[in-house]
Amino acid sequence: SQAISDVGWRRFLNMLAYKAKLYDKEFITIDPKYTTQRCHQCGTIMGQNGCRKLKLKDREWTCPMCQTYHIRDWNAAVNILEKGLGSWQNPKKQVA
Ligand SMILES: [Zn+2]
């Protein structure tokens, strides 16, 4: 978030990296692009192809393509995980 200063954020990431190393865990960062706007179920990206872009006040939303109901932060967390695991696809194979 822009509310978090870059310096504060960098310090926080350094702390996470330190802790990960301490416990023999892998620490990676990802490009946050589209992590909020993408439906993790079908891969549709809001704000593209005529889909209304989500605003900050949209805490919950329903995907216009696959009708999946999303809690904004939960959906973003799944997208971040997919990016980290390398399983991110745009768009995903058509779901039934
Ligand atoms: Zn969808």
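## Contacts along the chain

Take the contacts in the protein between residues at least 6 apart in sequence: 50% of them join residues at least 24 apart. This is a predicted model, and every value below is computed from it.

## Overall layout

The protein has 2 helices and 2 strands. Read from the N terminus, these elements run α-β-β-α. Helix α1 covers residues 6–22, and strand β1 covers 60–62. Helix α2 covers residues 72–85. The loop between α1 and β1 will come up again and again below.

How much room do the C-alpha atoms fill? Along the principal axes, their box is roughly 45 × 30 × 20 Å. The domain assignment gives two parts: domain 1 (1–29) and domain 2 (31–89). The C-alpha centres of domain 1 and domain 2 lie 24 Å apart.

## Surface and charge

The protein has 96 residues, and buried residues make up 25% of them. About 7500 Å² is exposed. Carbon and sulfur atoms supply 56% of that area.

How many side chains are positive, and how many negative? The protein has 16 positive and 8 negative side chains. The centres of these two sets lie 3 Å apart.

## A buried salt bridge

The count of salt bridges comes to 4. One of them joins the side chains of E82 and R38, with N to O at 3.2 Å. This pair links distant parts of the chain. E82 sits in helix α2, while R38 sits in the loop between α1 and β1. The two are 44 residues apart.

Are E82 and R38 buried or exposed? E82 has 12% relative accessibility, so E82 counts as buried. R38 has 0% relative accessibility, so R38 counts as buried as well. The cut-off behind both calls is a value under 20%.

## Salt bridges around K57, D58 and R59

K57 forms a salt bridge with D58. Their closest N and O atoms are 3.9 Å apart. The two partners sit in contrasting surroundings. K57 counts as exposed because its relative accessibility is 65%. D58 counts as buried because its relative accessibility is 11%. The pair is also part of something wider: R52, K57 and D58 are linked in a network of salt bridges.

R59 forms a salt bridge with D73, and the closest N and O atoms are 3.1 Å apart. This pair too links distant parts of the chain. D73 lies in helix α2, and R59 lies in the loop between α1 and β1. Along the chain they are 14 residues apart. R59 has 41% relative accessibility, so R59 counts as partly exposed.

## Loop residues inside and out

T44 has its place in the loop between α1 and β1. Its relative accessible area is 14%, so T44 is buried. Which residues does T44 touch, leaving aside those up to four places away in sequence? T44 touches Q37, R38, C39, C51, C63 and M65. R38 is also the partner of E82 in a salt bridge.

K55 belongs to the loop between α1 and β1 too. K55 is exposed because its relative accessible area is 52%, and the cut-off for exposed is over 50%. K55 and Q37 are 18 residues apart along the chain, and their C-alpha atoms are separated by 9.2 Å. L56 also lies in this loop. With a relative accessible area of 65%, L56 is exposed. The C-alpha atoms of L56 and R72 are separated by 9.4 Å, and these residues are 16 apart along the chain.

## Two positive phi angles

Y34 is a residue other than glycine, yet its phi is positive, near 70°. Y34 has its place in the loop between α1 and β1. At 34% relative accessibility, Y34 counts as partly exposed.

N49 is not a glycine either, and it has a positive phi of about 50°. Where is N49 placed? N49 is in the loop between α1 and β1. Its relative accessible area is 79%, so N49 is exposed.

Methods: Residues numbered from 1 in each chain as written. Predicted model: local features only at pLDDT ≥ 70, side-chain atom pairs only at ≥ 80, totals over all residues. Heavy atoms only, no water. Helix = DSSP H or I, 4+ residues; strand = E, 2+ residues; numbered from the N terminus. Buried < 20%, exposed > 50% of the residue type's maximum accessible area, 1.4 Å probe, protein only. Contact = heavy atoms within 4.5 Å. Areas by Shrake-Rupley, 256 points an atom, 1.4 Å probe, with all protein chains shown as cover. Lys, Arg positive; Asp, Glu negative; His and termini not counted. Charge placed at Lys NZ, Arg CZ, Asp CG, Glu CD. Domains from an automatic or database assignment.
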